[in-house]
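Here are my notes on the model, set out as numbered points. Please read them with the coordinates open.

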Amino acid sequence: YRIDTPVIVNKSAVFRGAGGMEFYSRKWMTGLYTSSPTMDMISVLGGVYFYCDKIHCYNISILPTSGTALRLKGSTPASGSTPDKILSLVSGAIIQNCSFDGFYDNMKFDNACQFTLINPLSNYAVRYGLYVDAKNWRDAGDSSVIGGNFFGTKEWLGANNRNSTAHIYHKGSGGLKINSVKFNNKADYSILGEIAGDTVIININNCSFENHNISAIKYSKTANIFRHVNISNCEFDSYKSGTKDIDIRAGIEDINIIGNSFSSGIVNSANIAINLNGVTRARLMNTYHGYANPINAYNCTDVKEAALQDIPQGSNLY
């Protein structure tokens, strides 16, 4: 279905397609597409319930300069009071088994909270695969991204070849939980957090990060409160010189980076697995391969790496 005019969802709605999208053979049964380089194809306003399942959204323009496939846009609060803020948000949306291809931002959830994004496939965004914020009320509740794949560079466009800024850009919207997601193909950042509101928890678990240009995960803040960052059981594999796989800055507190495996394909003194700058209370326990200096901590308070005890080696195992 070709979309030439923006679809505005101002009442609770269910979008359900037949699915069947296969990335490599590029086949699908239900597809929504546009040739506009600037349009928000589907915009969901505040105070409504939205559910979307098994739909493929794609942009056939060469290089979009704005716009998105799916925007959880919200509405302007009537008075700015807490009840009006709640009603202005898109709260509790569920988007599952959908794919997004070739928009400026593939998904822009800029006034959303408590959403659940399940098994997404995001390809070739110009800027962000997923933008996350709740600008009207930035501590309105936790959201989740579960499973799926985020890919970056569209390599066959020649002079218009694109490099995504970040697969996921996180500005606010309460806590964010990211679990069992694959991040691959070139983007500057897999997850870029520039927190502009009081957000209190980040959980990133069981994910895989490869081929990032600058960092797999970078977080900084401008808000007064930002604590509880937990990154566990993930795989980091970098192949570019000068990367910082995890980079956390600007007074963030209570950090656990535990049970991850870091591997650098380029042994370079500038490559760092974990870079901490100005953080408080961090605990680290991971494995590192291919780094001259895997950990850097500057101007930090109470940062410790767990000391492991060697296990005696016997001659026989039963």
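**Notes on strands, loops and cores**

1. Strand β7 (residues 68-72) and β11 run parallel and are joined by 3 bridges. One pairing can be checked directly: Thr68 has Asp105 in β11 as its bridge partner. The model is a predicted one, and the remarks below should be read with that in mind.

2. β11 is also joined to strand β15 (residues 128-132), through 4 bridges, and these two strands run parallel. Here Phe109 is paired with Val132 of β15. How many residues of β11 are buried? The count is 5 of 5, so the strand is mostly covered, with buried meaning under 20% relative accessible area.

3. The loop between β11 (105-109) and β12 (112-113) contains Asn111. Is Asn111 buried or exposed? Its relative accessible area is 1%, so Asn111 is buried. The side chain of Asn111 comes within 3.4 Å of the backbone nitrogen of Lys135.

4. The surroundings of Asn111 come from several stretches of the sequence. Leaving out residues up to four places away in sequence, Asn111 touches Leu72, Lys73, Gly74 and Ser75, then Ser88, Leu89 and Val90, and finally Asp133, Ala134, Lys135 and Asn136. Lys135 thus appears both in this list and as the residue whose backbone nitrogen the Asn111 side chain reaches.

5. Gly172 belongs to another loop, the one between β18 (164-170) and β19 (176-179). Gly172 counts as buried because its relative accessibility is 0%. From Gly172 to Asn111 the C-alpha to C-alpha distance is 9.4 Å, with their positions 61 residues apart in sequence.

6. What does Gly172 contact, leaving aside neighbours within four places in sequence? The residues are Val132, Asp133, Ala134, Arg138, Ile195 and Thr199. Of these, Asp133 and Ala134 are also touched by Asn111. Val132, another contact of Gly172, is the β15 partner of Phe109.

7. The largest nonpolar core is made up of 63 residues, and Ile95 and Ile204 have the most contacts inside it. A separate core of 6 residues lies apart from it, with Tyr131, Ala166, Tyr189 and Leu192 among its members.

8. For Ile204, the contacts beyond four places in sequence are Ile178, Ile191, Phe209, Ile217, Tyr219, Asn230, Ile231, Ser232 and Cys234. The list includes Asn230 and Ser232, and a nonpolar core admits neither Asn nor Ser, so these two contacts of Ile204 are not core members.

Definitions and conventions:
Residues are numbered from 1 along each chain as its sequence is written. This is a predicted model: local features need pLDDT of at least 70, side-chain atom pairs count only at pLDDT 80 or more; totals for chains, interfaces and linings use all residues. Side-chain values use heavy atoms; hydrogens and water are left out. A nonpolar core is a set of buried Ala, Val, Leu, Ile, Met, Phe, Trp, Tyr and Cys residues joined through side-chain atoms within 4.5 Å. Buried means under 20% relative accessible area, exposed over 50%, partly exposed in between (1.4 Å probe, protein chains only). Contact means heavy atoms within 4.5 Å. A polar contact is a pair of N or O atoms within 3.5 Å; within protein, one must be able to donate a hydrogen and the other to accept it, and residues adjacent in sequence count only if both atoms are side-chain atoms. Two strands pair if DSSP finds at least two bridges between them.
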